[in-house]
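Here is a short set of exercises to work through with the model open on your screen. Try each task before you read its solution.

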Amino acid sequence: MASGSAELHRSTLDALDSEIAVLDAAGRIVLVNEAWCRNARDQGNPDMHSTGVGADYLAAWRNATKAAQPYANQALEGIQAVLRGTQGRCLRCACGCVLH
């Protein structure tokens, strides 16, 4: 039954047009939907080594901050605040950052 439930969650996320990544408490990616994968491919990151399941998403944003990507620091701070529980949700990132 658990695998059926997991498949239902995955199918539901894949049906959405928005790019979605689910993070664990440490900032590692535990689940992504098809729109997320499609966006990674469109941005030239088909292997998704820094944005796929198992990747340290916070590290990817730290690297984007070091590379002076627009709004990267703001996005990193927002994600960290959500993970700490000091912010209820992270708004959709429309910054155009490229995470490789």
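Being four residues apart in helix H3 (residues 57–66), Tyr57 and Trp61 are separated by about one helical turn. Keep in mind that this is a predicted model.

**Exercise 1. Classify the ring pair of Tyr57 and Trp61, and state whether each residue is buried or exposed.**

Solution.
- Start with what is needed: a pair of aromatic rings is described by the distance of the centres and the angle of the planes.
- Check the distance. Rings pair if their centres lie within 6.5 Å, and the ring centres of Tyr57 and Trp61 are 6.0 Å apart.
- Check the angle. Planes over 60 degrees apart count as edge-to-face; those of Tyr57 and Trp61 stand at 85 degrees, so this pair is edge-to-face.
- Turn to accessibility, where buried means under 20% relative accessible area. Tyr57 has 10% and is therefore buried, and Trp61 is buried too, with 3%.
- Widen the view: the count of aromatic pairs comes to two, and ring pairs link Trp36, Tyr57 and Trp61 into a cluster.

**Exercise 2. Describe how H3 and H4 pack against each other.**

Solution.
- Find the second helix: H4 covers residues 72–84.
- Take the geometry. The axes of H3 and H4 are 8 Å apart, and the angle between the helices is about 155 degrees.
- Interpret the angle. Angles over 145 degrees count as roughly antiparallel, so that is the description for H3 and H4.
- Add the handedness: the crossing of H3 and H4 is left-handed.
- List the partners. From H3 come Tyr57, Leu58, Trp61, Arg62, Ala64 and Thr65, and they meet Ala72, Asn73, Ala75, Leu76, Ile79, Gln80 and Leu83 of H4. Tyr57 and Trp61 from the first exercise are among these H3 residues.
- Try a distance on screen. Ala60 is in H3 and is buried, at 6% relative accessibility. From its C-alpha to that of Leu76 is 9.2 Å, although the two are 16 residues apart in sequence.

**Exercise 3. Which residues of H2 are buried, and what covers them?**

Solution.
- Locate H2, which spans residues 34–42.
- Pick out the buried residues: Ala35, Trp36, Cys37 and Ala40.
- Look at the cover. It includes strand E1 (21–23), strand E2 (29–32) and H3.
- Zoom in on Ala35, which has a relative accessibility of 2% and so counts as buried. Setting aside neighbours within four places in sequence, Ala35 is in contact with Leu16, Asp17, Ser18 and Glu19.
- Compare sequence and space: Ala35 and Ala21 are 14 residues apart along the chain, and their C-alpha atoms are 9.7 Å apart.

**Exercise 4. Find residues with a positive phi after H2 and H3, and describe their settings.**

Solution.
- Recall the background: most residues other than glycine have a negative phi.
- Begin just after H2. Gly44 follows this helix with a positive phi near 80 degrees.
- Move on to Met48, a residue other than glycine whose phi is positive, near 55 degrees. Met48 sits in the loop between H2 and H3 and is buried, at 11% relative accessibility.
- Go past H3 to Ala68. Its phi is positive, about 60 degrees, though Ala68 is not a glycine. Ala68 belongs to the loop between H3 and H4.
- Judge its accessibility. Exposed means over 50%, and Ala68 is at 63%, so it counts as exposed.

**Exercise 5. Which side chain makes a polar contact with that of Asn45, and is Asn45 buried or exposed?**

Solution.
- Place the residue: Asn45 is in the loop between H2 and H3.
- Find the partner. The side chain of Thr51 makes a polar contact with the side chain of Asn45, at 3.2 Å.
- Read the accessibility: at 4%, Asn45 is buried.

**Exercise 6. Summarise the whole chain.**

Solution.
- Count the elements: there are four helices and two strands.
- Put them in order from the N terminus: α-β-β-α-α-α.
- Note the burial: of the 100 residues, 29% count as buried.
- Finish with contacts along the chain. Among contacts with a separation of 6 or more, 38% are between residues 24 or more positions apart.

Key. Residues are numbered from 1 along each chain as its sequence is written. This is a predicted model: local features need pLDDT of at least 70, side-chain atom pairs count only at pLDDT 80 or more; totals for chains, interfaces and linings use all residues. Side-chain values use heavy atoms; hydrogens and water are left out. Rings of Phe, Tyr and Trp (its six-membered ring) pair if their centres lie within 6.5 Å; planes under 30 degrees apart count as stacked, over 60 as edge-to-face and the rest as tilted. Buried means under 20% relative accessible area, exposed over 50%, partly exposed in between (1.4 Å probe, protein chains only). Contact means heavy atoms within 4.5 Å. A polar contact is a pair of N or O atoms within 3.5 Å; within protein, one must be able to donate a hydrogen and the other to accept it, and residues adjacent in sequence count only if both atoms are side-chain atoms. Axes are lines fitted to C-alpha atoms, for helices over the stretch in contact, and angles run from 0 to 180 degrees between N-to-C directions. Angles under 35 degrees count as roughly parallel, over 145 as roughly antiparallel, 65 to 115 as roughly perpendicular and the rest as oblique. A crossing is left-handed if the near helix is turned anticlockwise from the far one by less than a right angle, and right-handed if clockwise.
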